[in-house]
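Dear colleague,

I am handing over the structure that follows, together with a short account of what was found in it. Please read the notes with the model open beside them.

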Amino acid sequence: MNDNALPWFILFLPLAAAAVIALFTQRNKTASAALSIAAVVTSFALSVTLFVKLSGETLPNPETFNLRWLHVGNLYVDFGIKLDQLSLLMLLVVTGVGSAIHIYSYGYMHEDRAVSRYFASLSLFMFSMLGIVLAANFVQMFIFWELVGLSSYLLIGHWYERPSAAEACKKAFLTNRVGDFGFLLGILLVWSTLGSINFATLADTLKANPAALLGAAATTAGLLIFCGCVGKSAQFPLHVWLPDAMEGPTPVSALIHAATMVAAGVYMLCRVFFLFTPDALTVIAWIGGITALLAALMAVQQNDIKRILAYSTLSQLGYMVMAVGLGGPASAMYHLTTHAFFKALLFLGAGSVIHALHHEQDIWKMGGLKAKLPITFWTFLVATLALCGVPPLSGYFSKDEILALALGKNQALFAVAAFVAVLTTFYMFRLVFVAFTGPAKSQARDHAHESPAVMTWPLIFLAVLTVVAGFIGIDERYADVLGKPAFGNHNVAVIFGLSAFLIGLFAAWKLYANALSDPIPAASSRLASLLRNKFYFDELYAKIIACTQEALATAADWFDRWIIAGLAVRGAQGATELTGMALRLLQTGNLQTYAFLFVTGVVVLLYVVLR
């Protein structure tokens, strides 16, 4: 097969699967699942083939094919595919993790009555995400950006009959629209300033004339584009939708929180890194650091196993965004890649626990699951250690890159990142001790058993990737796309990283190794309440929306009642009614009156004409 055709097959196979399932196999669960799984696995195989063929090459002209799609004035929009080392890497991550999640889904969702609809939405999601990865220009990326929002809405709300799921998918969709509005404004500002929306053209323009985007317009455009990342990658202050997305099926949580939807924002920042000014990067770095810290603090007092992992994802995304802001897109992509494997493994492991306990998600109703679920436990532990940055697992290498970068660029953010590393170990081993190794806390454990092979083999596959991914690294092949950031002292970063792990582990062991209830609320109920309620961001936003909506509704009601209905409608009606009443007075039915009015009219007319 021609190398130029491979990306198109990778992109459109999931769409073809979604279309066939939606149109022809809705009533056949097995056929629908097989089609969806076959499509994504084939896309993965083709991605591996493409990566092997091209990974050692320098790709001077990464656009494999461009079709002129739209031409309005001086706006030229092509539909093309951008194939460089960055998109090749992301293709592997998205299709690889997506394949494992698809296969796992067949076991997890086997009894669901809407399996076909689920796999159709899953395939549509994969098509949308691959479209973002391969997009050659801003308009094409924005179209697939919105398709990802739509398909995630369908997946989060898969169990739409549950009020909580229906609310969660609406919250995710609307919150993302806020960020996407800023993203769209940023695209328009870039086009109006540089006259192009094509990534390659923009990069060449800035390379030839670095001053082309200097000044306030450059920073404003960069921050508006960053708004898209704030929404999609759930950065502060639009982070509130991601934990609620847990209302979808667990494989959906893994898909959204691992390598795909939430990673799209970080990938986009790396793709257009050349657009950002130093001022914009400073804001980006601090937003990432604040998000990492807030999410880690929130995770400390969550009791739902999936919500703990959701806040962990928020925190790690903050790490990645912070790395981009510190001038290290290579570090961000490295951590994005390794994080995809171990975070998908953590979510699928949580799904295995939930499946074994008949949909119980409260960790304080678990305990003693290590013996009952050995494969789930050991793979979950591997992923936990990787997340905490323990050598030689993948998370150790990628997190060390970010810590070293922060140490060399911004000591304040380095302190934040190091403290977040302590919290990460603390809340993850709180989960491990309470759910797996600590004493049983309910009778749910008595009937627990290991998940079937169709669910455990993806866990093993992802565990292997979690172990080996760190040794791959982001090398000089990516320098043309991501640049070569200047790192700080790796030895110091390693010392701080390992110290953070040991401190967090000791604190978690001391408090939770044999705990039957959470000791933190007893020690400080106010602090525990603050963390458990996510610093009351949801309540604050609800209050703001209620106040502004109420004020807007009151103003709209006044305008409608007094201006539109009162002045325009009733005023016109009153004038018409008065005119009609006056005319009715003239209609007496008396011939003498009519003759008098006629003569009067003639006299007046003669006076006017002859005057």
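A residue is called buried here when its relative accessible area is under 20%, and this cut-off is needed for the first point below. Please keep in mind throughout that this is a predicted model.

With that cut-off, helix α11, which spans residues 261–271, is mostly covered, since 11 of its 11 residues are buried. Among them are M261, V262 and A263, as well as Y267, C270 and R271.

One of the residues of α11, V262, also appears among the contacts of T313, which touches L242, H257, V262, H339, K343 and F347 when residues up to four places away in sequence are not counted. T313 itself lies in helix α13, residues 305–325, and it counts as buried because its relative accessibility is 0%. Of the residues that T313 touches, K343 is also joined to T313 by a polar contact of 3.2 Å between the two side chains.

Turning to the empty space inside, the structure holds 3 cavities of 30 Å³ or more, and the largest of these has a volume of about 80 Å³. The lining of the largest cavity includes C388, Y396, K399, D400, A421 and V494, and the elements that give two or more residues to this lining are α17 (394–409) and α21 (490–512). By character, the lining residues of the largest cavity divide into 7 nonpolar, 2 polar and 2 charged.

With best wishes

Terms used: Residues numbered from 1 in each chain as written. Predicted model: local features only at pLDDT ≥ 70, side-chain atom pairs only at ≥ 80, totals over all residues. Heavy atoms only, no water. Buried < 20%, exposed > 50% of the residue type's maximum accessible area, 1.4 Å probe, protein only. Helix = DSSP H or I, 4+ residues; strand = E, 2+ residues; numbered from the N terminus. 1 Å grid on protein atoms, 1.4 Å probe; cavity = no way out; pocket = protein on both sides within 12 Å on 5 of 7 lines; lining within 4 Å. Points joined across faces, edges and corners; volume = space filled by probe spheres on them. Nonpolar A, V, L, I, M, F, W, Y, C, P; charged D, E, K, R; others polar. Polar contact = N/O pair within 3.5 Å; in protein donor to acceptor, adjacent residues only side chain to side chain. Contact = heavy atoms within 4.5 Å.
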